Amino acid sequence: MLVLPLLILLSLWQASLAQGSATARLDGAPETCPVTKPYQAGLFVPPSPYPPKASAGDFWFGSDRLWTALPVNGTWRGLPHYRPSNPTFRQKLAFYREGHTEPQPRLKVTGKRLDSPSPPLLSDHATYGWAKPEQTAMVTGINFPTLGCWEITGRYQNDELTFVVWVAK
């Protein structure tokens with residue numbers, strides 16, 4: 001008779017754990033995808049006049065030579081298709097470098113899927129962009145051929161920045 005209440009409590013506890021872990025997987029990347037996380041390589045704060053904190057839900061990642069903003073949960077979710085006739089998933093990506101002013105920077109962005117075979121991502125030519133005139137950026141569009149775990153590398157002059165994101169529906 002005493003065992004029955006214990007079994008009920010145990011089953012409720014296990015159901016609660018299972019539900020919690022399923023929620024965590026829905027909100028972010030699966031454990032099998034080694035997404036870049038905040039503070040993974042130390043806290044990066046960009047030089048002034050850039051804001052010390054990225055937008056809500058993002059964090060700065062990189063060095064004072066090349067940096068970008070990444071999602072705290074490691075996931076880019078709900079990316080649109082580039083065009084209705086193009087099934088790739090589109091993300092606009094900004095890389096920053098203090099003092100950058102080239103109208104058409106020679107930023108090269110490459111990427112490969114880590115969790116399954118896939119064609120590489122495609123990247124547009126970068127353009128000059130800014131949120132404020134003193135906060136310049138190199139902006140490019142990247143197209144993922146599939147959802148999944150992606151390692152992305154940005155190269156500008158002699159600097160390189162690599163990170164991993166989960167691209168989800």
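Leaving aside neighbours within four places in sequence, Thr136 touches Tyr50, Tyr96, Arg97, His100, Tyr128, Gly129 and Trp130 in this structure, which is a predicted model. Thr136 belongs to strand S9, a run that covers residues 136–144. With a relative accessible area of 5%, Thr136 counts as buried, because that value falls under the 20% cut-off for the term. One of its contact partners, His100, also offers a polar partner: the backbone oxygen of His100 sits 2.9 Å from a polar atom of the Thr136 side chain.

A step back to the whole chain helps to place this site. The secondary structure amounts to one helix and 11 strands, and the helix comes before the strands when the pattern α-β-β-β-β-β-β-β-β-β-β-β is read along the sequence. Of the 169 residues in the chain, 38% are buried, Thr136 being one of the buried residues. Contacts that reach across the sequence are well represented: among those between residues at least 6 apart, 61% join residues at least 24 apart.

The pairing of S1 and S2 can be followed residue by residue. Strand S1 spans residues 58–63 and strand S2 spans residues 66–71; the two run antiparallel and are joined by six bridges. Two residues separate S1 from S2 in the hairpin that they form. Within this pairing, Phe61 has Thr68 of S2 as its bridge partner.

The same hairpin strands reappear at the largest pocket, which holds about 360 Å³ of space. Elements that contribute two or more residues to its lining are S1, S2, S5 (86–96), S8 (127–130) and S9. Strand S5 contributes the most, with five residues. In total, 23 residues line the largest pocket, and those nearest its centre are Asp58, Trp60, Ala69, Ala94 and Tyr96. Tyr96 is also among the contacts of Thr136. The lining of this pocket comprises 15 nonpolar, five polar and three charged residues.

The second largest pocket has a volume of about 200 Å³. Its lining includes Pro38, Tyr39, Gly42, Leu43, Phe44 and Val45, together with Pro52, Lys53 and Ala54. Asp58, Phe59 and Trp60 also line the second largest pocket, and two of these, Asp58 and Trp60, are named among the residues nearest the centre of the largest pocket. By class, the lining of the second largest pocket has nine nonpolar residues, one polar residue and two charged residues.

Conventions: Residues are numbered from 1 along each chain as its sequence is written. This is a predicted model: local features need pLDDT of at least 70, side-chain atom pairs count only at pLDDT 80 or more; totals for chains, interfaces and linings use all residues. Side-chain values use heavy atoms; hydrogens and water are left out. Two strands pair if DSSP finds at least two bridges between them. Helices (H or I, at least four residues) and strands (E, at least two) are DSSP runs, numbered from the N terminus. Buried means under 20% relative accessible area, exposed over 50%, partly exposed in between (1.4 Å probe, protein chains only). A polar contact is a pair of N or O atoms within 3.5 Å; within protein, one must be able to donate a hydrogen and the other to accept it, and residues adjacent in sequence count only if both atoms are side-chain atoms. Contact means heavy atoms within 4.5 Å. On a 1 Å grid over the protein atoms alone, a cavity is a set of points where a 1.4 Å probe fits but cannot get out, and a pocket is an open set with protein on both sides within 12 Å along at least five of seven lines; lining residues have an atom within 4 Å of a point. Grid points are joined across faces, edges and corners, and a volume is the space filled by probe spheres set on the points. Ala, Val, Leu, Ile, Met, Phe, Trp, Tyr, Cys and Pro count as nonpolar, Asp, Glu, Lys and Arg as charged, and the others, Gly among them, as polar.
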